[in-house]
Each structure stands twice: as C-alpha cells, then as structure tokens.
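Reader: I am in my first year and still learning to read protein models, so could you take me slowly through one part of this one? I would like a close look at the cysteines and then at the loops, with the whole chain as background.

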Amino acid sequence: VNDPFAAEKHRYNALALAMVPTCQAALKAAHDPLTVGAHLAVAGNIIDLGIAQRLDIHATLAAALETPFAIDDLPRLRRELAAARQLLYIGDNAGEIVFDRLFIEVIQRLYGNVTITFSVKSGPIINDATMADARAVGMDRVCNVIETGNAMVGAPLQHVNVAFRKALDAADIIISKGQGNYETLNTETQRPIYFILKAKCDLVAQALGVAFGDSVLKHV
C-alpha cells in the first residue's frame with residue numbers, strides 16, 4: 001500500500017476545512033490577529049497519526065486559543081516580518097496545513113511585503129502533507145507550494161531537492177512546523193528558524209526546556 005494513511009489524511013483535511021468559518025470569525029474579531037493566527041497554527045500540530053492518542057480537534061482548537069506559548073518568540077517574528085521579503089514555511093501534517101493556511105493569510109494581510117513559499121513532502125510518509133493535500137485545502141491558491149524532494153519524516157537537508165534548498169537559502173524568515181522538522185533542522189543548518197510545535201514527547205520537551213504537551217514558538 002503506497003499511502004496507508006490516505007483515508008485519514010482526507011478525513012482530517014475535511015475536518016479542518018469545516019472549521020475554517022469558526023477560525024476566520026475568531027481572526028476577524030481579534031485585536032491581534034497575528035497572535036491568534038499563530039495559536040491556530042500550533043493547534044493544528046496536534047493532528048499527528050504518528051502518536052497513539054485520540055484527537056478532539058474542536059477541544060484542541062479552543063484550548064490553543066486560550067493557552068499561551070511556553071516559549072513565545074512571536075514579538076521577534078513580528079518585527080522581522082516587517083522587514084522581510086521571502087518567507088519559507090515548512091509544513092507538517094495533512095489537516096494541520098489548513099490552520100497553516102489561515103496563519104499565512106494573516107501574514108499576507110499584515111505584511112504585504114513578504115512573498116511566502118510553503119513546502120510539503122514529495123511522497124507519503126505517515127500523515128505528512130503532500131502536494132495533493134496542499135491542493136485539497138487550497139494552499140496552492142494562497143501561496144507558492146514546493147516539495148521537499150523526499151518522503152521522510154522531517155526535512156533532513158542531505159535528502160532535499162534543489163528547489164527546497166534554494167527556497168531555504170533565499171528566505172529572510174523560515175517557519176518550521178512540528179516535531180519531525182524540529183528534530184531534523186534544529187542542528188542541521190545555521191539558518192535562523194522559528195519552530196512552531198507542541199512538545200509531544202518527553203525528549204523533545206526536555207530539549208526545548210518545556211513541559212510535555214506545551215506549545216512553543218521558538219526562534220533558534
């Protein structure tokens with residue numbers, strides 16, 4: 001079976017898309033839409049079929065909007081967005097990328113100077129987003145979408161394609177979603193990266209200096 005999680009990815013894409021009107025209403029009512037957008041993005045990171053847990057996407061979304069980041073480098077990201085020209089946003093899971101799209105749309109509204117490129121996997125690996133998922137949720141209508149060149153957990157740089165490497169090198173700002181990307185990029189590149197994720201295991205929580213289950217937006 002080439003893509004054993006295909007049905008689940010489709011289901012979570014549909015679930016997340018159904019929540020877009022609620023999320024857009026929250027963004028419209030927000031005094032600070034960038035903060036709300038960042039919290040929506042990290043809420044999406046709970047959609048992970050690589051860990052054994054039952055998912056309540058509605059409860060997760062509500063909790064994420066109320067829970068502060070354990071590490072919050074959003075003020076720095078806000079300052080850097082004002083001067084940036086190119087942003088590479090490294091995606092993670094299907095379903096989750098709907099909330100990434102909402103965050104990207106906020107960035108585009110607030111910072112029209114920034115051109116955004118979003119990356120997905122080149123083939124199926126667990127429930128990571130592929131180009132088919134990006135098109136299914138409309139990401140390709142929001143920004144440029146490229147593939148990493150591999151079908152592996154994270155984004156190990158020795159296995160990425162030329163397009164991804166060029167986007168990485170050209171970016172003023174890099175946003176990386178999820179644990180897999182953190183584990184493969186945290187020490188593999190000297191480029192500064194904003195990691196947005198929930199700490200889903202004790203080892204990653206310890207490395208970040210947070211508690212298990214905490215949300216972080218960390219500049220490294």
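**Cysteines and loops, seen closely**

Author: In this predicted model, the number of disulfides comes to 0 when cysteine sulfur atoms have to lie within 2.5 Å of each other to be counted as a pair. A disulfide is a covalent bond between the sulfur atoms of two cysteines. Cys143 is in no disulfide, and the nearest cysteine sulfur to it, which belongs to Cys23, is 17 Å away. Cys143 counts as buried because its relative accessibility is 8%, and buried means under 20%. Cys201, on the other hand, has a relative accessibility of 25% and therefore counts as partly exposed.

From the cysteines we can turn to the loops, beginning with the one between helix H7 (131-136) and strand S4 (144-147), where Gly138 lies. Gly138 counts as buried, because its relative accessibility is 2%. Although Gly138 and Arg101 are 37 residues apart along the chain, their C-alpha atoms are separated by 8.1 Å.

On the other side of H7 is the loop that runs from strand S3 (115-120) to that helix, and Ile126 is found there. What should be noticed about the phi of Ile126? Phi of Ile126 is near 45°, which is a positive value in a residue other than glycine. Most residues other than glycine have a negative phi. With a relative accessible area of 30%, Ile126 is partly exposed.

After S4 comes another loop, leading to helix H8 (162-170), and Leu157 has its place in it. Leu157 has a relative accessible area of 11%, so this residue is buried. If we leave aside its neighbours within four places in sequence, the residues in contact with Leu157 are Phe164, Arg165, Leu168, Leu185, Glu188 and Thr189. Arg79, which is 78 residues from Leu157 along the chain, has its C-alpha atom 28 Å from that of Leu157.

The last loop to visit lies between helix H9 (179-185) and strand S6 (194-198), and Asn186 is placed there. Asn186 counts as partly exposed because its relative accessibility is 25%. Residues up to four places away in sequence aside, Asn186 touches Asn181, Phe195 and Val220. Between Asn186 and Ser176 there are 9.8 Å from C-alpha to C-alpha, with the two residues 10 apart in sequence.

It remains to set these places against the whole protein chain, which has 10 helices and 7 strands. Its radius of gyration is 16 Å, close to the 17 Å that the globule rule gives for 220 residues, so the chain is as compact as a globular protein of that length. Along the principal axes, the C-alpha atoms fill a box of roughly 45 × 40 × 40 Å. Of the 220 residues, 53% count as buried, and Cys143, Gly138 and Leu157 have each been described above as buried. Among contacts between residues at least 6 apart in sequence, 70% join residues that are at least 24 apart. The accessible surface of the chain comes to about 9,600 Å², and 53% of that surface belongs to carbon and sulfur atoms. As for charge, the chain has 20 positive and 23 negative charges, and the mean positions of the two groups are 5 Å apart.

Technical notes: Residues numbered from 1 in each chain as written. Predicted model: local features only at pLDDT ≥ 70, side-chain atom pairs only at ≥ 80, totals over all residues. Heavy atoms only, no water. Helix = DSSP H or I, 4+ residues; strand = E, 2+ residues; numbered from the N terminus. Rg over C-alpha atoms; globule rule 2.2 N^0.38 Å. Buried < 20%, exposed > 50% of the residue type's maximum accessible area, 1.4 Å probe, protein only. Contact = heavy atoms within 4.5 Å. Areas by Shrake-Rupley, 256 points an atom, 1.4 Å probe, with all protein chains shown as cover. Lys, Arg positive; Asp, Glu negative; His and termini not counted. Charge placed at Lys NZ, Arg CZ, Asp CG, Glu CD.
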